[in-house]
Amino acid sequence: MNERIGDVLSDFEDIISRAQVLTFLPRDSDLQENSVNELKDYIKRLNFAQELAVKNKDEDMANKILAVRCGCRAIRSELDMWLSLKSEEWIESWGSLVDAQDFLRSAQSAHKMMRKPNIQNMQDKYRWVEKFVFPPQTYLSPGFVVKKFVCSICGEDYEKCDHIEGLPYWGKFCNRIIADIEKVQEISVVEEPKDKGCRIIHFTTEEGLVRNKMTWKTYDPEEIQNFPEFETGEKIFTGIVMKPNGTYGRTQKMQEKRG
Ligand SMILES: [Zn+2]
């Protein structure tokens with residue numbers, strides 16, 4: 001694709017305002033799906049533009065495009081959330097909300113062009129959706145003993161390089177990647193998690209049933225795949241915690257000791 005960076009960026013405002021008109025529950029699903037596709041195509045154009053910026057040795061431009069890309073992905077995730085809610089895909093819709101929040105935060109970290117009041121308004125909207133559309137969640141946080149982190153930018157030991165986690169470099173964020181993990185020390189229940197995807201999925205009721213934390217529906221334990229065995233009255237929950245490589249995985253048995 002041979003497009004000038006300026007031409008790609010000049011389409012941003014139009015594409016975003018067309019999409020934002022559709023970021024509400026009652027909007028037509030076909031229109032929302034079309035908008036998701038339009039954003040996907042635009043993100044591809046942004047990827048090319050970003051490569052070009054790096055080739056031109058323009059780091060500020062590369063970071064600016066990163067910010068725009070994250071902004072587009074936030075809106076795309078929000079559209080996905082409304083679409084999933086309409087089709088009663090509750091887990092997916094929660095995941096999309098969490099993605100929308102994360103992408104928006106990343107957009108703000110990537111470049112000052114995204115640190116504006118209208119972006120803050122979007123973040124506030126997502127907070128409200130989280131609070132009033134979804135039931136309260138219980139978040140989990142894994143405690144690791146990590147022997148070594150490597151830097152995602154230079155691949156060196158994070159303790160020794162100059163890059164800083166969360167800051168953009170040439171259109172990419174610096175992340176700490178766990179290279180060597182000793183053990184998972186504990187799983188704790190937290191109010192403000194680093195990752196809202198890490199949460200309790202099922203828990204046992206006093207009657208010996210298993211309740212879904214999101215839908216509140218109860219099941220016989222054998223209906224839930226891989227749910228650990230338990231005695232009636234025993235308090236058990238299962239959930240999602242982050243894996244060392246940053247993807248989610250289901251946890252094994254965890255016993256909750258209340259009070
Ligand atoms: Zn580094």
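Tutor: One definition before we start: domain bounds here come from an automatic or database domain assignment. The model is predicted, so to speak of local features takes pLDDT of at least 70, side-chain atom pairs count only at pLDDT 80 or more, and totals for chains, interfaces and linings use all residues. Residues are numbered from 1 along each chain as its sequence is written, and side-chain values use heavy atoms, with hydrogens and water left out.

Student: OK. Which domains is the protein divided into?

Tutor: Domain 1 covers 5-132 and domain 2 covers 139-255. Their centres, taken over C-alpha atoms, are 25 Å apart.

Student: How many residues are in contact?

Tutor: 20 from domain 1 and 15 from domain 2. Contact means heavy atoms within 4.5 Å.

Student: And what area is buried between the two domains?

Tutor: About 1400 Å², with carbon and sulfur atoms giving 60%. Buried area is the accessible area (1.4 Å probe) that two parts lose on being put together, summed over both.

Student: Which three residues of domain 1 supply more of its buried area than any other three?

Tutor: Glu-59, Ile-91 and Trp-94, with 34% of what domain 1 buries against domain 2.

Student: New topic. How many salt bridges are there between the domains?

Tutor: There are 2. A salt bridge puts a side-chain nitrogen of Lys or Arg within 4 Å of a carboxyl oxygen of Asp or Glu. Lys-196 forms one with Glu-130, and their closest N and O atoms are 2.8 Å apart.

Student: Which helix gives the largest share of domain 1's touching side?

Tutor: That is α5, with 8 residues. Helices are DSSP runs (H or I, at least four residues), numbered from the N terminus.

Note on methods. Helix = DSSP H or I, 4+ residues; strand = E, 2+ residues; numbered from the N terminus.
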